[in-house]
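Here is a short report on one protein model. Keep the sequence and the 3D view open while you read.

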Amino acid sequence: MASIIRRKSKYSVVYYYNDENGEKRQRWETCNSHKEALRRKAEIENKIFEGVFIAPQAQTVSDFLWDFVHLYGEKKWGVSVYDSNTALISNYINPIIGDLKVQDITPKYVDQFYQQLQKTKSVVSRNRKPRNEYVAPPTIEKIHKLLKCAFKQAVRWEMIARNPFEFATIPKVTYKKRDIWTADNIRIALDECREPKLYIAMNLAFACSLRIGEVLGLTWDNVHISNEDIQADNAHIFVEKELARASKQAMDALGDKEIIKVFPSLYPNTSTRLIFKTPKTDSSVRKVWLPKTVAYILRKWKQSQDELREILGEEYQDYNIVVAQPNGRPTENRLIEDAFVELKKRAGLPNVVFHSLRHSSTTYKLKLNHGDLKATQGDTGHAQIDMITKVYAHILDEDRKINAQKFDMAFYKGPDLRKVEIPQDKAPTIDLQALVEQLKQSPELASTLAALIAK
């Protein structure tokens, strides 16, 4: 089936195979030693016998990933995932392994690739300084998931026999527990806030458990704060879109997929655009009830927007956005985050990110409703309820401690478990002196009481 031919100091394994068109072709594979050639010859013959042999192809990793993005990613990904994955390919994958042949990628080489990534400088994206000097384990984890998916597709396309990323060893990812603000911290922040847009955004993030993209994507047609709604405790918002920034490349590749609206750019020749897009999951589309105070805050904010619209006239770009800029255009998340940083410094508050308000909201609601996961999940829009149990397990543990205390009082209090006595409420005591004074001041009450006693 295969033979070994010596060529000077090298050894070549020669065999025949059928290409994608069914034509018979000969291939020579060069090995550095006779032992290596024998091992490769046995491997080829064994795979041919089992019917799983795939001849090496000349396609590079870079070319293959382009096909993968075009044939797979454009069907499966949304604009945010498309931009994220293509950035990983351009910044970290192609520069290191892009010129290698697809079939040259082995599990051992994958481990070496991940080691090299840990010594690779992080790439500056959109003029923003990266958080880590070198590629961090969470980023390597994302790269691993992407390449594992891509090479799984290569197996389906019969380019390779097995996925080299299937059993790769990736650096351990340790997620630091994020600090969150307490209710008192948030009260101080709201009292100290001088930026109106940030004030509205903070109230919505905390009261409604919204992500920042959902806050900035909220429009007035999805805010229900009429007098009837507020009086009936039915004031609510409906979350159905979020604000994001997407590249023109992603929008050209995916078309209208996920995109609700594209906002015109302020500057020519920009490579990205602000868009309204559908939320990340189906469960993120949800109705969230508003506390009355927040409803009234929104009504006052709407009045100020209407007044500004009248003053600016045609210069006001009316997109019906709740957290809009003074000219009506959408507010990008970096503007809110920058204002949030200034607020923290001025108020001397703990250093947390804006997204922590959503965590604070979830924590506060779990305490108020004694761990009602379904009710909390309805507000947060988490796709899986176990996301709440993992992230907020410490809150649920507090209620479980209380349950243990109640259990002890009800079952284990007495030495004889068959004679457990449930604590009884004490009978109310009567203030006789106060009663006598009331009877003196009210003859009618005294006569009524006397008649009742006589009966």
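What does the accessible surface of the protein come to, and what share belongs to carbon and sulfur atoms? The accessible surface is about 28400 Å². Carbon and sulfur atoms hold 51% of that area. Note that this is a predicted model.

**Overall make-up**

The protein has 455 residues, and 38% of them count as buried. Its secondary structure consists of 18 helices and nine strands. Take the contacts in the protein with a separation of 6 or more: 63% of them come from residues 24 or more positions apart.

**The N-terminal sheet**

Strands of a sheet pair through backbone hydrogen bonds, either parallel or antiparallel. Here, three strands make an open sheet in the order 1-2-3, and the pairing is antiparallel. Strand 1 (2-7) and strand 3 (24-31) are the edge strands, each pairing on one side only. From one strand to the next, the twist averages 30°.

Look at strand 1 and strand 2 (residues 10-18). They run antiparallel and are joined by six bridges. To find one residue pair, start at serine 3: its bridge partner in strand 2 is valine 14.

**Salt bridges**

Side chains of opposite charge can pair when their charged atoms come close. How many salt bridges does a search of the whole structure find? The search finds 16. Three pairs are listed here.

| Pair | Closest N and O atoms |
|---|---|
| Arginine 40 and glutamate 43 | 3.1 Å |
| Glutamate 195 and lysine 197 | 3.0 Å |
| Lysine 292 and aspartate 233 | 3.5 Å |

Start with arginine 40 and glutamate 43. Both lie in helix 1 (residues 34-50), three residues apart, so about one helical turn separates them. Is arginine 40 buried or exposed? Arginine 40 counts as buried, because its relative accessibility is 16% and the cut-off for buried is under 20%. Its partner glutamate 43 has a relative accessible area of 35% and is partly exposed.

Next come glutamate 195 and lysine 197, whose side chains meet in a salt bridge. Glutamate 195 is partly exposed at 29% relative accessibility. Lysine 197 is buried, with a relative accessible area of 15%.

The third pair is lysine 292 and aspartate 233, also a salt bridge. Which parts does this pair tie together? Lysine 292 belongs to helix 11 (residues 292-312), while aspartate 233 sits in the loop between helix 9 (227-231) and strand 5 (236-239). The pair therefore ties together parts that are 59 residues apart in sequence. Lysine 292 is partly exposed, at a relative accessible area of 41%. Aspartate 233 counts as exposed, with 53% relative accessibility.

There is also a network of salt bridges. It links Lys302, Asp306, Arg309 and Asp318.

**A helix pair**

Two packed helices are described by the angle between their axes and the distance between the axes. Helix 7 (residues 196-208) packs with helix 12 (residues 333-347) at an angle of about 95°. Their axes are 10 Å apart. Why do they count as roughly perpendicular? The angle is about 95°, and angles of 65 to 115 degrees count as roughly perpendicular, so helix 7 and helix 12 fit that class.

Which residues meet where these helices pack? Helix 7 brings Lys197, Leu198, Ala201 and Met202. Helix 12 brings Ile336, Ala339, Phe340 and Leu343. Lys197 thus appears in two settings: the salt bridge with glutamate 195 and the meeting of helix 7 with helix 12.

How values were computed: Residues are numbered from 1 along each chain as its sequence is written. This is a predicted model: local features need pLDDT of at least 70, side-chain atom pairs count only at pLDDT 80 or more; totals for chains, interfaces and linings use all residues. Side-chain values use heavy atoms; hydrogens and water are left out. Two strands pair if DSSP finds at least two bridges between them. Helices (H or I, at least four residues) and strands (E, at least two) are DSSP runs, numbered from the N terminus. Axes are lines fitted to C-alpha atoms, for helices over the stretch in contact, and angles run from 0 to 180 degrees between N-to-C directions. Buried means under 20% relative accessible area, exposed over 50%, partly exposed in between (1.4 Å probe, protein chains only). Contact means heavy atoms within 4.5 Å. Accessible areas come from the Shrake-Rupley method with a 1.4 Å probe; for residues, only the protein chains shown count as cover. A salt bridge is a side-chain nitrogen of Lys or Arg within 4 Å of a carboxyl oxygen of Asp or Glu. Angles under 35 degrees count as roughly parallel, over 145 as roughly antiparallel, 65 to 115 as roughly perpendicular and the rest as oblique.
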